Structure formats: structure tokens, C-alpha cells
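Biologist: I'm new to this structure, so please walk me through it step by step. Put it up on the screen and start with whatever I need to follow the names.

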Amino acid sequence: MRIIVFDYCLICIFGLHIIFVLFMSRLFVRAEEDMLFKETEAGEFHMADFDVVWRDMDLLTCVIRCVREFRSCYSVTHDETTNMCTPGSWLVLNPSIPLPQAPGKIYSTGARCNEASKFKYYKQDDVAACYWASDSMLNYKDSKENCSANGAHLYTIKLMEKWTILKKITSGPNGNYWIGLDDIREEDVFRWVDDDSRMSESLRQELFNKYQPDNWNNTEDCAYLKGAGKLNDENCLHPFKFVCEMSLFQ
Ligand SMILES: [Ca+2]
Ligand SMILES: [Ca+2]
């Protein structure tokens, strides 16, 4: 992990910038290359949902520790008077059930799940997902486009916790759901739709049903969750329900 903070030597060199730098450093903390924590706007809701709280030296230490300890650390609350640090995950706007909120200022990566819309928040251990499972059925391409139209993508599973979440949010034996995995571009090379990364061999062994994927009749390129079971590859034109997922960073 690379930690980036504002370089305070700049203050020595550019004395006139001191006020600006101090001001900015209170608003922005970068804990990883792609994780910029900034103070949230009023009205946003922090998930103080890891059930821990600790006292840190400062805000930066608070953010770094949260990112290191929790895979779904997307927010922290830091009380500058007491230096109490409360790690959290997604910000949930207008949650259907009130969520715990810690004292202090909220800093977040911008990852949010708005329960006022149809997307819902779910956490398994320290992995979180913001998802929506459809009731209607569409083919794979239209499902993918439906998710995109909502600023989301078909659900991906790169961690086993995400698999557990998928099983819990879908309707068991009564539902078959497209997820964001296909071998359309290259036969038998399954890729995740969100970042085009290749499915690992271990996940392929773990998540597909026995004897699947079988590319039956050379027509099956899209993966779906088959009822209460595991994944199967199917003809992409087949209509199924589908699960969309909000990207972490918007
Ligand atoms: Ca195939
Ligand atoms: Ca198949």
C-alpha cells in the first residue's frame, strides 16, 4: 500500500501557501492511490458498522488503520477533540432502518449506497455490496444495459464473501439470475464485466456447478446463478432475472 499525504515541506518553500495547505489537509486524506477520503457533505450518513472504535494520533492514522484492517473501509468518523476514530463502510443515504452514527466529522471515499432508490446495502464480514436484484427477466445484454442505465454493473464475485452475499440476496430455488461474468470475447476465458479481469481458476472450481461451464452445443457464453445452486453457463439470449451492483467509486 502506498500512503500519500500532503508534503509539508511545501510549506517551508512556499510560506504563502501555508494556510491553503493546512486547509486542504483537513479536507482530504489519501490513504491509497485510488482511495481519497474527503469530508462528506451534510446530510450524508456514515455506517459505523464494524463495531469497533479506537483512539488515534490523528485523522490520517485513523484512515490508514481503517483501510488496512477492513476490506470495505470506505468511510471513517474522526472526532478531532478526542481523536476517537470510528471505521465504517458504505455511506447509506436515507436508510430504511436507522444506522449507528459516531461523533465527529465524517470522511469517505465517495462510495455510497442510496436506499432511497432501489439499491440496497449488504455486508458480509468486512465485505460490503450495494446491490439490486430484479424481478423481471431480460437477456444478458439487456440486463447488462439495465444495470448501466442505473450507474451500476452486473454483480461480480471476486471474493467468497460476495458469493455469500449473492446467495443471501437472491430468492433461492425460485430464481435464476444473470451475474457479470461471460466468455463472449474468448471461449472458455471467463471475465468479470466490471474490470474485464479474468476469473481465477480457484473461483471457477468453487463457483460453477459440477460439469459446468460446458458451453453446451457451443452456444453458452454467459454465467448465471442457477436457483439455489451454483453458476452455470447459458445462452446469452435466454431471459433471466439479474443482479446489479453499484461501483465502489463514483
Ligand atoms: Ca462459452
Ligand atoms: Ca452450461
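Modeller: Before the loops can be placed, the names need a word: helices (H or I, at least four residues) and strands (E, at least two) are DSSP runs, and they are numbered from the N terminus. With that in hand, D188 can be placed in the loop between β12 and β13 (191-192). Please keep in mind throughout that this is a predicted model.

Biologist: What's the phi of D188 like, given that it's not a glycine?

Modeller: The phi of D188 is positive, about 70 degrees. D188 also counts as exposed, because it has 10 C-beta neighbours inside 10 Å.

Biologist: And D196, where is that found, and what is its phi near?

Modeller: D196 sits in the loop between β13 and α6, and its phi is near 65 degrees, which is again a positive value in a residue other than glycine. With 8 C-beta neighbours inside 10 Å, D196 therefore counts as exposed.

Biologist: Let's back up to the overall picture. How many helices and strands are there in the protein chain?

Modeller: The protein chain has six helices and 16 strands. Of its 250 residues, 36% are buried. If you take the contacts with a separation of 6 or more, 64% of them are between residues 24 or more positions apart.

Biologist: What's the mean pLDDT of the chain?

Modeller: The mean pLDDT is 84, and 83% of the residues reach 70 or more. Over residues 1-16, however, the pLDDT is below 50, and that stretch has 16 contacts in the model beyond near neighbours in sequence. Residues 18-26 also stay under 50, and for them the model has six contacts beyond four places in sequence.

Biologist: OK, on to the inside. How many residues does the largest nonpolar core have?

Modeller: The largest nonpolar core has 60 residues, and those with the most contacts inside it are V63, W90 and I179. Helix α3 (residues 59-69) gives the largest share of this core, with six residues.

Biologist: What is W90 in contact with, leaving aside its neighbours in sequence?

Modeller: Once the neighbours within four places in sequence are left aside, the contacts of W90 include M47, Y74, A111, R112, C113, Y121, A128 and C130.

Biologist: Now helix α4. Which of its residues are buried?

Modeller: In helix α4, which covers residues 140-149, the buried residues are Y140, S143, K144 and C147. Seen down the axis of α4, these buried residues fall within an arc of 100 degrees, so they line one face of the helix.

Biologist: Why would residues three or four places apart point the same way?

Modeller: An α-helix has 3.6 residues a turn, so residues three or four places apart point the same way.

Biologist: What about the face of α4 turned away from the buried side, and what covers the buried residues?

Modeller: The face turned away carries the exposed residues E145 and A149. The cover over the buried residues of α4 includes β11 (152-154), β12 (176-182), β14 (222-226) and β16 (241-246). Just after α4 comes G151, which takes a positive phi of about 70 degrees.

Biologist: Changing topic to strand β4: is it mostly covered or mostly exposed?

Modeller: Strand β4 (residues 75-79) is mostly covered, with four of its five residues buried. It pairs in the antiparallel sense with strand β5 (residues 84-88) over five bridges, and V76 of β4 stands opposite P87 in β5. The two strands form a hairpin with four residues between them, and N83 in the turn has a positive phi of about 60 degrees.

Biologist: And how many bridges are there between β4 and β7?

Modeller: β4 and β7 (residues 105-108) pair over four bridges, in the antiparallel sense, and the bridge partner of T77 in β7 is I106.

Biologist: You mentioned P87; how far apart are D49 and P87 in space?

Modeller: D49 and P87 are 7.5 Å apart, C-alpha to C-alpha, although 38 residues separate them in sequence. D49 lies in the loop between β2 (35-39) and β3 (54-55), and D49 counts as buried because it has 21 C-beta neighbours inside 10 Å. Beyond four places in sequence, D49 is in contact with G88, S89, L99, P100 and K123.

Biologist: Last one: which peptide bond is cis?

Modeller: The peptide bond from Q212 to P213 is cis, with omega near -5 degrees, and P213 is placed in the loop between α6 (201-207) and β14.

Definitions and conventions: Residues numbered from 1 in each chain as written. Chains lettered and ligands numbered in written order. Predicted model: local features only at pLDDT ≥ 70, side-chain atom pairs only at ≥ 80, totals over all residues. Core = buried A, V, L, I, M, F, W, Y, C linked by C-beta atoms within 7 Å. Buried ≥ 20, exposed ≤ 12 C-beta atoms within 10 Å, placed from the backbone. Contact = placed C-beta atoms within 7 Å. Arc of directions from axis to C-beta. Pairing = 2+ DSSP bridges. pLDDT = per-residue confidence, 0-100.
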